[in-house]
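Student: Could you take me through one part of this model up close? I'd like a single connected walk rather than a list.

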Amino acid sequence: MISEYRLINRESLFTCPIESRYIQISAENITEIANEQFITVNISGVIVPAKDDWVAMISPSTSKRYVEWFLFFLLQILFFCGIGDCPLDELMYAQTGDLSSLPLICHYPVKAQYVKNDPGYLSCQNPECQDYLGDVCIVKTCAASLTFHVVNIRTDIEFVFFAGGFITPCILKRSTPLKFANPNMPSFGHLSSIDSTATSIRLTWVSGDQKPQQIQYGNGKRLRVPRDFGWHDPGYIHTAVMTGLEPSSTYSYKYGSDLAGWSDQIQFHTPPAGGSNELNFLAYGDIGKASLDESVEHHIQPGSISVVEAMTAEVTSGNVDSIFHIGDISYATGFLAEVGFFLSLIEPIASRVSYMSGIGVSIYTYATRDYIGSGSVYITPDSGGECGVAYETYFPLPTSAKDKPWYSIEQGPVHFTLVSTEHDWSPNSEQLPDAYNI
């Protein structure tokens, strides 16, 4: 389900009338944000509540700040942005076949909510008197509270109060920026098999620290991670292989460093070796993600939460040896802050059993390559500029080489073959013999 919010960068930002000098917006009782947290945002001082008033979560807040960039670009009165020359982005969009009239902005809000989500807002159930004439109140204002689910995306955030809805937005007030308590914190651990023996398993995670980290697992084993990967913040990607394991066995691990911090201690189960007699696995695709609060985001798959909850129950019961996520991963489509929310959603399962994946093709796929020279066999604006980089970096798989996301693997009595419809998969193509190991 795609909301009109997804197209907010195509709208003109009208000048807000001075609605109220009393308006305030702030986060309740918080100075720093935990690794994952629900934040209550209070809005007050509104004289005339409107059904199209809304609050956006912005990151980074950087000052001149994102909101000014947002304002300038939607008005099309400035053509400079602190992270680059945004009008040039129109040329990049044109490469995908998207020839819409843009104004383009440098960044997007991460998520947003209509203030009417507070049921007392439009009816002004809790009025506050701002000005008196003698003993008579002459100015009453209305208030609301909203709850936002936040995960560690490393850059500071602020909340911005808009009027005019998503079609005719204008800015009313901004909150004080909030920082994460530990923006370097290692997070979102994800396991994946590297071969059919089940004696080794790869762990990949994200942090805000580019320095080497390590895995501590088994009976005191330590594995230093010497090399990291990074792209526009969702942070640095760390990956390493735990070896010396037994198939169908349970181990514990944690990852991180003394400098950046450590994850919780996590128990995981290795899959059965190829050729053994039994395998219990889950397979699914097209999951996407949805908010744990009432926010709208750029792409929402409402069923994703209940699917992950059901799989978490199965993994917790010990009934699952591995998971195969076939195609269309997060539907972030270029909005990389949303990758963190997806990784947080799957962490309860992906950190505890082997979580294998395959590239999918969809009109809003996470992995499609859609720019000139990127190697796609389709010409569509699907990925929003990701071009498969985010997918391939975070989900390392037992493939023969980079940009060849096809493979086969055995677990128990099952031989799995994964092909990529994003690449040439005709009968004489390179990937079919490789995928089938023939």
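Tutor: Sure, and one term up front: two strands count as paired if DSSP finds at least two bridges between them. Keep in mind that this is a predicted model. The part I'd pick is the hairpin of strand 6 and strand 7. Strand 6 covers residues 128-133, and five bridges join strand 6 to strand 7. The two strands run antiparallel. For one concrete contact, look at Tyr132: its bridge partner in strand 7 is Cys137.

Now follow the chain around the turn. Two residues sit between the strands, and Gly134 takes a positive phi near 70° in this hairpin. On the other side you enter strand 7, which spans residues 136-151 and includes Ile138.

So is Ile138 buried or exposed? Ile138 counts as exposed because its relative accessible area is 51%, and the cut-off for exposed is over 50%. Ile138 also has nonpolar company: together with Leu133 and Val136 it forms a patch on the surface. The accessible area of Leu133, Val136 and Ile138 together is about 310 Å². As background for reading this stretch, side chains in a regular strand alternate between the two faces of the sheet.

For a contrast in cover, jump to helix 4, residues 337-350. Helix 4 is mostly covered, with eleven of its 14 residues buried, including Phe341, Phe342 and Leu343. There's a kink of about 30° at Ser344, shortly before the proline Pro348. Even so, helix 4 reaches 19 Å from its first C-alpha to its last, close to the 20 Å expected.

Terms used:
Residues numbered from 1 in each chain as written. Predicted model: local features only at pLDDT ≥ 70, side-chain atom pairs only at ≥ 80, totals over all residues. Heavy atoms only, no water. Patch = residues over 30% accessible without salt bridge, like charges linked within 9 Å, V, L, I, M, F, W, Y side chains within 5 Å. Areas by Shrake-Rupley, 256 points an atom, 1.4 Å probe, with all protein chains shown as cover. Salt bridge = Lys/Arg side-chain N within 4 Å of Asp/Glu carboxyl O. Helix = DSSP H or I, 4+ residues; strand = E, 2+ residues; numbered from the N terminus. Buried < 20%, exposed > 50% of the residue type's maximum accessible area, 1.4 Å probe, protein only. Expected span 1.5 Å × (residues − 1). Bend = angle between axes of the 7 residues up to and from the residue.
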